[in-house]
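Q: I would like to learn how to read a model of this kind, feature by feature. Could you take me through it?

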Amino acid sequence: PQPADISLLTHTSRYCCCRASPLVCPNQGLIKQLDKIKEARNLEGEERSMLSYARAISVSPFPHVITHSNLKREISKLPYLGEKLLSMVEEFIKTGQINETQGILTSSRFQALSAFTTIHGIGPHTARKLYNLGLRTLEDLERYYEVEPGRCGQETLAVIEAAGRESDEAIVERSIKVALALRHDFSQTIPRAEVEEMNRVVMSELEQIEQGCKSIVVGGYRRGKPQSNDVDIVISHRNWESGAGKIKGLCKRFVRRLHERGLVTHVMHLSGFHEHNALRTHHWDSLEKALTVFVLPGDGSQRRVYRRLDLIFAAPQVFWTAVVGWTGSTMFQRDLRLYAKQQKGFKFDSSGISRRHDSKLFFPKTEREVFELLGLVYVHPTLRNA
Ligand code: GTP
Ligand code: MN
Ligand code: MN
């Protein structure tokens, strides 16, 4: 079924939060090829170039298959498709591939860097640093970080208690070690039914320590992806007045509980504690969150797969902005921020919406209200796959 508001969206807007971006689009082949070039630029730290490919990719869910006959008339009118990108599109229409993509796919540097960045905590910068040390494979990284596949002991309780007092380097190093040791589990994607089961288990545990909470599973799951790489859950409280007080500090308390119950085995990062962001100057949010490793209880007959679980805690007043922010996609969220700033004079991120000139805060009561406040047509989550 087509969400009702789809006809109000335009495919020629400069902002992807004004366009419909379905999970699968008619130009998937083209997008896949451009995505490799984007990834290569990202890995090399070429931010601006990366972004122009990301933007070209996000306008390519053009409603029809891109062909010779609509190329000149319609495609050239889409934003972000300049001369160079258009010639790549033309090449793709003619030959079914893009020469530059073929070169990237056979580059051993590209292969090494993209393997490295599959490890949570390793970004392009670190990946290049490791490559320059002569490391080439994930096995090389295991030796370098001294981790054994499948095994990762961690003083999880100590990690929880140390939240907010650790250096960034310590956090990153720990994330890398956990992600590397458990990489064979983390590379297995999570089907929707298991995502739902994880949410049920998490929420019934939460009910034991704090009654009246609510949650929405966000991330790729909410955008309709059949398989997810991790599970992202935004948690809040049903009571508008007393909820904020109940949510504050809940993250740490709850993760401690999940750990005691054997459900959270590792903690990569707990944040939002001593990181003051009252002026809302960073574009990342100031919500309490826990990036963890979770394992569903089993009956002992089979080993359960370790899963990455992100828990985000939001007061009722910022629940819907958190849901919109964490539903993504990353591009969609980027353009929401940009649109809010450029077109409305608002500041938007997962932890709130405020008006720039007087810092007035807004507390939307529904997801639709978030879009209305920003003057946007509501975009169904399954159309936010920009
Ligand atoms: P998967 O690979 O299946 O997990 O896809 P995903 O889209 O769910 O990716 P991910 O779990 O990395 O992130 C979910 C969304 O949350 C993304 O669209 C990001 O924009 C957003 N997000 C991720 N990390 C942060 C963060 O630290 N702060 C904020 N505000 N948003 C974040
Ligand atoms: Mn996710
Ligand atoms: Mn996540």
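The dialogue below turns to the metal site, then to the nonpolar core and two of its helices.

Q: What should I know about the model before I begin?
A: This is a predicted model, in which local features need pLDDT of at least 70 and side-chain atom pairs count only at pLDDT 80 or more, while totals for chains, interfaces and linings use all residues. Residues are numbered from 1 along each chain as its sequence is written, chains are lettered from A and ligands numbered from 1 in the order in which they are written, and side-chain values use heavy atoms, with hydrogens and water left out.

Q: Which residues are the protein donors of the manganese ion (ligand 2)?
A: Donors are N, O and S atoms within 2.8 Å of the metal (3.2 Å for Na, K and Ca), and because water is not among the atoms, sites may look incomplete. Here Asp 230 (OD) and Asp 232 (OD) serve the manganese ion (ligand 2), lying 2.0 to 2.1 Å from it.

Q: Which residues coordinate the manganese ion (ligand 3), and which residue coordinates both ions?
A: The manganese ion (ligand 3) is held by Asp 230 (OD), Asp 232 (OD) and Asp 310 (OD) at 2.1 to 2.3 Å. Asp 232 in strand E4 (residues 231-237) and Asp 310 in strand E7 (residues 307-313) link distant parts of the chain, being 78 residues apart; strands here are DSSP runs of E of at least two residues, and helices are runs of H or I of at least four, numbered from the N terminus. Asp 230 bridges the two manganese ions (ligand 2 and ligand 3), which lie 3.6 Å apart.

Q: Why does Asp 232 count as buried?
A: Buried means under 20% relative accessible area, exposed over 50%, and partly exposed in between (1.4 Å probe, protein chains only). Asp 232 counts as buried because its relative accessibility is 9%, and Asp 310 is buried as well.

Q: How many residues does the largest nonpolar core have?
A: A nonpolar core is a set of buried Ala, Val, Leu, Ile, Met, Phe, Trp, Tyr and Cys residues joined through side-chain atoms within 4.5 Å. The largest one has 49 residues, and those with the most contacts inside it include Leu 34, Phe 116 and Leu 141. Helix H1 (28-43) gives the most to this core, with 6 residues.

Q: What do the buried residues of H8 pack against?
A: Contact means heavy atoms within 4.5 Å. The buried residues of H8, among them Leu 138 and Leu 141, pack against H6, H7, H10 and helix H11 (183-186). Glu 146, which follows H8, has a positive phi, near 55 degrees.
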